[in-house]
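The following exercises ask the reader to work through selected local features. Each task is followed by a solution in steps.

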Amino acid sequence: MTVLGLGGSGHDWSSCATDGSRLVAVDEERLVRSKYGLGTDLLAGASRQAVLAQLGSSAAEVEHVVACELVPRPFYHSFRNRVQVINHHLAHAYSAFAASGMSRAAVLVCDNSGGLVAGDRTGPDGREAETISSYIADRDGIRLLERVSGAHVVDAASESAYYQPGETDNSLGHFYRAASIAIGLAYTGPKTRFPVSEDGKTMGLAPYGDERFVDELAELVDLRPGGGIGISASKVSHVLERLARDADFDTRAAIARAAQEVLERALVHCARALHARTGLTDLCIAGGVALNSVANGRILQETGFERIFVVPAAGDNGISLGCAYYGLHQLVGVPMDELPAFTDAYLGPEYPQQRVDAAVAASGLPARRPDDLPAEVAALLAEGRLVGWWDGRSEFGPRALGHRSILAAPYPASVRDHLNEQVKFREWFRPYAPIVRAERSDDFFDLGQPSPYMLIVTRVTRPDVIPAASHVDGTARHQTLFEHQNPTVHALLGEFERLTGCPVLLNTSFNTAGEPIVETPEEAVAAFASMNLDHLVVGGHLLSKS
């Protein structure tokens, strides 16, 4: 029995397959090597083929196929006679709750826009789309409690045009996206007609700004009773375009600061209402807005929820995971608490050791297999070396979590600038994330719960020890790591602490700006050869440049 879930919307396509015990998921961008999967051949579906191959299933053997209504038809065309199309926000909710391991929780979904609640994909205006949905979830399933929706304006002369972002009223996702685009933080590669906002950059820029625009942007977002939100999308776009016209760095930072503050207030408002309605202490969060890890930190601190879980693939790529879980639960009949366990985010395809060995041999670079890999790499990191790290199955979602990472000592502060300017070639203001063994987290971070997927920002309590991994405002989006999740990196952290007294490493994604994270061993070796890195760990091999 194989269930195939397909995800994405106008970008971020992905596939997830499960046989009821195993989960395999990968983004299209990792395989076609195009940022956000743009320009990919959805009929061919590289991610779809990869996840089925990993389970040893052919397309004909797939019993259930599930997609949401924002997944373009070409992606499931070959399964068109047996696909079930479900609600976009419901798929997000399944991805978060089923992966959380919680027995009963509230679920909050927030994004740019989801499925239509009125109108059609094509034709004249009159479309209305969901923007925020709240649910209650337990062993029996997921039930909708409240929904915010708004007029969805999109130039949809044809169905294919419908998948462009458009403008949606009452949408926090559109509000933040408009801010990112206005200040020039968007991807505009050759394979897309429409900019893809890079909201993580806006979040990173915000602490550099002053508060001059906070009140003006706050007036655009009406916080209504019961967790409601009122926003005019066209007014938001107009105001932000005006503020950002000919803006210098300080002005752009101030716009980011205001957008971030207003978004945080609004999400806290929604979460407080959901907590008041349900009385629950556990909250699951999904949707593109859930990638705003600063806001997630405030939700945990200010709403009455005692635990929050944010699914690592919170954006539209995570729809495939939610659809796979929905298929197992609703179509196969597996109880929610018996769905395949989600203990880490390493859901990508496996690569055989002989393929790794061949990639290393073909590189011509000096390589060996140390008897004690964690100890040797810890010593290199303690000397200030930069190490690319490729191991096992890739992470599902946008964060590198120790299988497709670049690792460095979290000091001195200049390490951050060197990585931005000479290694990653990205904006100077962007921060880097720390990784720490879970049992040492409370000694450096004021969080109080695990953060395995780098999706909650919290205060750094000892920024003087890890200055390269602390943001300008004294916070970090850190990753906690238990031994069972990644024994090798857990051991590496222990060895690094033994040598230096510091239990924290800096961890960033193994790629350069504008490129997807490396997926295969061959890509890891090629990236290492072209990047300003000192060493590479790939499948147990330790490579050097000379």
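**Exercise 1. A small sheet**

Task: Identify the residue of β22 that stands opposite D446, and place its strand in the sheet order.

Solution. The model is a predicted one.
Step 1. Opposite D446 stands R459, a residue of β22.
Step 2. The strands β21 and β22 run antiparallel and are joined by two bridges. Two strands pair if at least two bridges are found between them, so this count satisfies the criterion.
Step 3. The open sheet has three strands, ordered β21-β22-β23, with antiparallel pairing. Its edge strands, β21 and β23 (475-476), each pair on one side only.

**Exercise 2. Backbone geometry in loops**

Task: For D246 and M454, state the phi value; then decide whether D246 and M454 are buried or exposed.

Solution.
Step 1. D246 is not a glycine, yet its phi is positive, at about 55°. The residue is found in the loop between α7 and α8, just after α7.
Step 2. The relative accessible area of D246 is 78%. Exposed means over 50%, and D246 is therefore exposed.
Step 3. M454, also a residue other than glycine, has a positive phi near 60°. Its loop lies between β21 (445-446) and β22 (458-460).
Step 4. The relative accessible area of M454 is 2%. Buried means under 20%, so M454 is buried.

Task: Which peptide bond is cis, with omega near -10°?

Solution.
Step 1. The cis peptide bond runs from Y411 to P412.
Step 2. P412 is found in the loop that separates β19 (404-408) from α13 (414-423).

**Exercise 3. Two helices**

Task: Compare the span of α7 with its expected value, and list the elements against which its buried residues pack.

Solution.
Step 1. Helix α7 covers residues 233-244, twelve residues in number. The expected span is 1.5 Å times one less than the number of residues, which gives 16 Å for α7.
Step 2. The end C-alpha atoms of α7 are 16 Å apart, in agreement with that expectation.
Step 3. The buried residues of α7 are A233, V236, S237, V239, L240, L243 and A244.
Step 4. These buried residues pack against β10 (167-168), α4 (172-182), α6, β14 (228-231) and α8 (249-278).

Task: Carry out the corresponding analysis for α14.

Solution.
Step 1. Helix α14 comprises 14 residues, 487-500, and reaches 20 Å from its first C-alpha to its last, close to the expected 20 Å.
Step 2. Buried residues in α14 include V489, H490, L492, L493, G494 and F496, and also the two glutamates E495 and E497.
Step 3. The packing partners of the buried residues are α12 (373-382), β18 (387-390), β19, β20 (433-437), β24 (479-481) and β25 (504-509).
Step 4. Just after α14, G501 has a positive phi of about 85°.

**Exercise 4. Cavity and pocket**

Task: How many cavities of 30 Å³ or more does the structure hold, and which residues line the largest?

Solution.
Step 1. There is one such cavity, and the volume of the largest cavity is about 50 Å³.
Step 2. The lining consists of D344, A345, Y346, L401, P452, Y453, Q479, T480, L481 and Q485.
Step 3. By class, six of these residues are nonpolar, three polar and one charged.

Task: Describe the second largest pocket and the composition of its lining.

Solution.
Step 1. This pocket has a volume of about 420 Å³.
Step 2. Its lining has 21 residues, and S100, F309, P450, P452 and Y453 lie nearest the centre.
Step 3. At least two lining residues come from each of α3 (88-100) and β16 (307-310). The largest share, four residues, is supplied by β16.
Step 4. The lining divides into 13 nonpolar, seven polar and one charged residues.

**Exercise 5. Surroundings of P207**

Task: Where is P207 placed, and which residues does P207 touch beyond four places in sequence?

Solution.
Step 1. P207 belongs to the loop between α5 (199-205) and α6 (214-218).
Step 2. Partly exposed covers values between the 20% and 50% limits; at 26% relative accessibility, P207 therefore counts as partly exposed.
Step 3. With residues up to four places away in sequence left out, P207 touches H471, V472 and D473.
Step 4. From P207 to S234 the separation is 27 residues in sequence and 27 Å in space, C-alpha to C-alpha.

Technical notes:
Residues are numbered from 1 along each chain as its sequence is written. This is a predicted model: local features need pLDDT of at least 70, side-chain atom pairs count only at pLDDT 80 or more; totals for chains, interfaces and linings use all residues. Side-chain values use heavy atoms; hydrogens and water are left out. Buried means under 20% relative accessible area, exposed over 50%, partly exposed in between (1.4 Å probe, protein chains only). Contact means heavy atoms within 4.5 Å. On a 1 Å grid over the protein atoms alone, a cavity is a set of points where a 1.4 Å probe fits but cannot get out, and a pocket is an open set with protein on both sides within 12 Å along at least five of seven lines; lining residues have an atom within 4 Å of a point. Grid points are joined across faces, edges and corners, and a volume is the space filled by probe spheres set on the points. Ala, Val, Leu, Ile, Met, Phe, Trp, Tyr, Cys and Pro count as nonpolar, Asp, Glu, Lys and Arg as charged, and the others, Gly among them, as polar.
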